[in-house]
Amino acid sequence: MSSRRRDIATRAVELFADRGFHGVSVGDVGAASGISGPAIYKHFSGKEEVLAHALVDISTELLETGRERAAAETVPDAALDALIAWHIDFAVTHPAYIVVQEREWSRLDADARASVRRLQLAYVDLWVDVLLELKPQIDRSEARAAVQATFGLLNSTPHSARISEERLRSRLARMARAALLD
């Protein structure tokens, strides 16, 4: 995605998280992006495409960065810590994407839903593979359940009581490790 398209999508996600998809006009997205509403159509066919590109793009980033961080580590325990730190960083710095995915999933067309789901399942599998290296005694379905529950924990941060970011990151890391390695 071009940097301009990504900027528009990011600003739109912030608006969608704040006001809901139907509470945001193309004009609102344009104004937030520093262009006129009609200029959005030079980049996207409409709000639905903006939403689709935003969620596919962020899901791609989650997967690619997760792969890079896990691969940079030589032992599974460090790879798990790298994945946990990456997901916490994402959750703390991109809460609007979490809110929008929860609320606006049904607004995605079938192709976008399939793309996002494929990327997200690959991201889950990345975590599962690392977890199984640490806990070979559990089966893949149990590892998947633990990973998905951990994502629920980490992705709850947009709705969490506010504490300092440092304390929040530390608490989430401890809780995620405990949830995965119990």
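**Helix packing and a pocket**

Hi everyone! α3 and α5 are oblique to each other (outside under 35 degrees for roughly parallel, over 145 for roughly antiparallel and 65 to 115 for roughly perpendicular; helices are DSSP runs of H or I, at least four residues, and strands of E, at least two, numbered from the N terminus). This is a predicted model, with pLDDT of at least 70 needed for local features and 80 or more for side-chain atom pairs, while totals for chains, interfaces and linings use all residues. Residues are numbered from 1 along each chain, and side-chain values use heavy atoms, without hydrogens and water.

The angle between α3 and α5 is about 125°, and their axes (lines fitted to C-alpha atoms, angles from 0 to 180 degrees between N-to-C directions) are 11 Å apart.

Now, what lines the largest pocket? Helices α3 (47–71), α4 (76–93), α5 (95–104), α6 (110–134) and α7 (140–154) each give at least two residues to the lining. α6 contributes the largest share, six residues. The lining has 19 residues in total, with L62, Q101, Q120, F151 and N155 closest to the pocket centre. By type, eleven are nonpolar, six polar and two charged (Gly counts as polar).

Finally, the records. In an unreviewed entry, UniProt lists residues 2–62 as "domain: HTH tetR-type" (such annotations may be inferred rather than shown by experiment). That span is 67% helix and 0% strand, and its end C-alpha atoms lie 18 Å apart. UniProt also gives residues 25–44 as "DNA-binding region", again from an unreviewed entry. Residues 25–44 are 40% helix and 0% strand, with end C-alpha atoms 13 Å apart.

How values were computed. On a 1 Å grid over the protein atoms alone, a cavity is a set of points where a 1.4 Å probe fits but cannot get out, and a pocket is an open set with protein on both sides within 12 Å along at least five of seven lines; lining residues have an atom within 4 Å of a point.
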